[in-house]
Amino acid sequence: MYETILVVHSYLAYIVLIVLFLAVANAIMGWVGDKMFTMEKDLRLSLFALIFAHIQLLVGLLIYFISPNGLQAVQALGMGGLNSASRLLAVEHPFINIIAIVLITIGWSRHKKFMEGQKKFKSITIFYGLGLILILSRIPWAQWI
Ligand code: HEM
């Protein structure tokens with residue numbers, strides 16, 4: 001069960017990062033180029049990024065409770081007993097990623113309030129962009145397959 005969820009979390013991470021990157025790049029081009037915000041491309045891409053980020057959040061929460069490197073590590077060693085590698089997995093990665101996904105969700109909600117394409121693209125650029133930077137800053141690169 002744990003191994004299966006870890007594999008799902010690992011592979012889903014590729015999809016989340018690719019779709020988020022595409023959504024941010026698309027929003028920057030729309031914002032800078034003062035383009036119209038279309039339902040077919042722009043809305044769909046931003047929505048896909050939101051949905052995949054939320055699925056990853058759920059899988060991440062699940063793995064946090066069943067992994068020996070998640071909550072169990074904190075319970076066994078205590079906050080002070082974690083070294084930098086185990087702190088990354090058990091504390092920094094989950095905490096920062098939850099903040100990142102909250103930012104992405106705020107960006108999505110804000111974009112809906114605006115009528116002008118420029119403001120919609122700006123909201124997606126800033127909030128999804130910040131979310132992506134936070135996620136990238138706390139990926140456990142060394143152990144990722
Ligand atoms: C977009 C968000 C996220 C991305 C891109 C992401 C990505 C990853 C990656 C690449 C790994 C390494 C997997 C491997 O070793 O093969 C990992 C591990 C882990 N993630 Fe996430 N993650 C995200 C969100 C979360 C969240 C929200 C939580 C918990 C609340 C979480 C909890 C964990 C835990 C506990 C591990 C360590 C699992 C283990 O080694 O046993 N992740 N994550």
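Colleague: Which of the 25 residues around the ligand come nearest?

Modeller: Y2, H9, S67, H93 and Q143 do; a residue is near a molecule if one of its heavy atoms lies within 4 Å of it. This is a predicted model, in which local features need pLDDT of at least 70 and side-chain atom pairs count only at pLDDT 80 or more, while totals for chains, interfaces and linings use all residues. Residues are numbered from 1 along each chain as its sequence is written, and side-chain values use heavy atoms, with hydrogens and water left out.

Colleague: Which side chains have a polar atom close to an oxygen atom of the ligand?

Modeller: A polar contact is a pair of N or O atoms within 3.5 Å; within protein, one must be able to donate a hydrogen and the other to accept it, and residues adjacent in sequence count only if both atoms are side-chain atoms. Here a polar side-chain atom of Y2 is 2.4 Å from a ligand oxygen. For S10 the distance from a side-chain N or O atom to a ligand oxygen is 2.5 Å, and for N69 it is 2.9 Å.

Colleague: How many helices and strands are there in the chain?

Modeller: Helices (H or I, at least four residues) and strands (E, at least two) are DSSP runs, numbered from the N terminus. The chain has five helices and zero strands.

Colleague: What should helix α1 span, at 1.5 Å a residue?

Modeller: The expected span is 1.5 Å times one less than the number of residues. For the 31 residues of α1 (residues 2-32) that gives 45 Å, and the end C-alpha atoms are 44 Å apart, which agrees. After α1 comes D34, with a positive phi near 50 degrees.

Colleague: Is K120 buried or exposed?

Modeller: Buried means under 20% relative accessible area, exposed over 50%, and partly exposed in between (1.4 Å probe, protein chains only). K120, in helix α5 (residues 117-137), is buried yet has no salt bridge, that is, a side-chain nitrogen of Lys or Arg within 4 Å of a carboxyl oxygen of Asp or Glu. Lys and Arg count as positive and Asp and Glu as negative; His and the chain ends are not counted. The nearest side chain of opposite charge, E116, is 8.2 Å away.

Colleague: What does L134 touch, leaving aside neighbours within four places in sequence?

Modeller: Contact means heavy atoms within 4.5 Å. L134, also in α5, is in contact with I96, I99, A100 and L103. L134 is partly exposed, with a relative accessible area of 24%.
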